[in-house]
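User: I've got a protein model open and would like to talk it through with you. Could you take my questions one at a time?

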Amino acid sequence: MTTKAISTKDIAELRARTSAGMMDCKAALEEAGGDLDKAVEVLRKKGIAKAEKRGGRVAAQGLVVITAGKADRDVAMIELDCETDFVARTDGFQKLARDLAAHAAQHAPNGVHLGAVLDHQPFRGKTVAEAIKEFAGTTGEATTFRRVAHFAVGAGTVQTYLHHNGQVGVLIEIEGPSGDGLNALGRELALHIASADPIAIDEVDIPAGVLDRERRIAEEQVAAEGKPEAIRPKIVDGKVRKFVAERTLMGQPFVKDDTKTIRELVTAAGKQLDGNITVKQFARFKVGEA
């Protein structure tokens, strides 16, 4: 295998993604030829690292801001990043982030996108990209409009959660019998998502490649443990089911009451509100998380 030089930055990123030890990360990167994704698999196959939560971290400080164009119906969320906490705390940076969120509530396409989707739109007498570049010039730090989410609905509700420090934010769209009960459920689900960090709503929403990877890792783990051939498929299936339960919103235990899953919580709410409730989409932004 052709290898590249392993840098301390690569090791640090792999540690952030897996929580594995420094020397384990270095060895895994060497075995994977410097490929970070393959190094994650190496660590997991050896049982050194658990399933990573996200695709890694980026070196960033910044702010998540949520703005409603219309309460419970039309809401936008943005993440604006910079290099240091010092700049992130300035009035100028925070005002830019608020203005971008207000702009997104009016002009961003529905769904979740990279911030670049708004680059060429008029903003503060310039374009969005030009305004951000101008601000970066005043601070001497790279400033990045990382991503934007905009959920606008005719039926159902859009609810939010924003952590007090502006580092984690969530939007969630759910459909069901409209009213305070549905809104309250949406807020509970948004708080849960902020804490539990699901990667999808349900199993069908997980990319096939991710499930294939989990099955491949489980097969190699079981083989390395020396389990009898006859029972290996059943053990592998169990590991994959466990992954799905832990990483999908509907399968996760509710953070406020781990005796029930989110699916059970939603089903019970539907009975109470006399109608079906469906989670349509969600977005979770955490500053510095890729």
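User: Are Phe-93 and Phe-135 buried or exposed?
Analyst: This is a predicted model, so keep that in mind throughout. The cut-off for calling a residue buried is under 20% relative accessible area. Phe-93 falls in that class, and Phe-135 does too, so the answer for both is buried.

User: How many aromatic pairs does the structure hold, and what is the angle between the planes?
Analyst: The count for the structure is 1 aromatic pair. Phe-93 and Phe-135 make it up, with their ring centres 6.1 Å apart. Planes under 30 degrees apart would be stacked and over 60 edge-to-face, so this pair counts as tilted, with an angle of 50°.

User: Which helices does that pair link, and how many residues apart are the two Phe?
Analyst: Phe-93 belongs to helix H5, residues 91-107. Phe-135 sits in helix H6, residues 128-139. The pair therefore links distant parts of the chain, H5 and H6, with a separation in sequence of 42 residues.

User: How many disulfides are there, and what are the relative accessibilities of Cys-25 and Cys-82?
Analyst: A disulfide would need a pair of cysteine sulfur atoms within 2.5 Å, and the structure holds 0 of them. As for exposure, Cys-25 is buried at 0%. Cys-82 also counts as buried, and its relative accessibility is 2%.

User: Why is helix H3 described as largely enclosed, and what does it pack against?
Analyst: H3 covers residues 36-45, and 7 of its 10 residues are buried, so the rest of the structure largely encloses it. The buried set is Leu-36, Ala-39, Val-40, Glu-41, Val-42, Leu-43 and Arg-44. Those residues pack against helices H1 (8-18), H2 (22-31) and H8 (208-224).

User: Where is Asp-197, and what is its phi?
Analyst: Look in the loop between helix H7 (180-196) and H8. Asp-197 is buried there, with a relative accessible area of 1%. Although Asp-197 is not a glycine, its phi is positive, at about 55°.

User: What about Asp-274: where does it lie, what is its phi, and is it buried or exposed?
Analyst: Asp-274 is in the loop between helix H10 (262-273) and strand S11 (278-286). Asp-274 has a positive phi of about 60° although it is not a glycine. Exposed means over 50% relative accessible area, and Asp-274 comes in at 69%, so the label is exposed.

User: Where is Gly-226, and what separates its C-alpha from that of Arg-73?
Analyst: Gly-226 lies in the loop between H8 and helix H9 (232-247). Gly-226 is exposed, with a relative accessible area of 52%. Gly-226 and Arg-73 are 153 residues apart along the chain, and their C-alpha atoms are separated by 54 Å.

User: Zooming out, how many helices and strands are there, and what percentage of the residues is buried?
Analyst: The protein has 10 helices and 11 strands. Its C-alpha trace spans about 65 × 55 × 30 Å along the principal axes. Of the 290 residues, the buried share is 43%.

User: What share of the contacts join residues at least 24 apart?
Analyst: Start from contacts between residues at least 6 apart in sequence. Among those, the share joining residues at least 24 apart is 66%.

User: Last one: how far apart are the mean positions of the positive and negative charges?
Analyst: The protein carries 41 positive and 42 negative charges. Averaging each set gives two mean positions, and the distance between them is 2 Å.

Notes. Residues numbered from 1 in each chain as written. Predicted model: local features only at pLDDT ≥ 70, side-chain atom pairs only at ≥ 80, totals over all residues. Heavy atoms only, no water. Helix = DSSP H or I, 4+ residues; strand = E, 2+ residues; numbered from the N terminus. Buried < 20%, exposed > 50% of the residue type's maximum accessible area, 1.4 Å probe, protein only. Contact = heavy atoms within 4.5 Å. Lys, Arg positive; Asp, Glu negative; His and termini not counted. Charge placed at Lys NZ, Arg CZ, Asp CG, Glu CD. Phe/Tyr/Trp six-rings, centres within 6.5 Å; stacked < 30°, edge-to-face > 60°.
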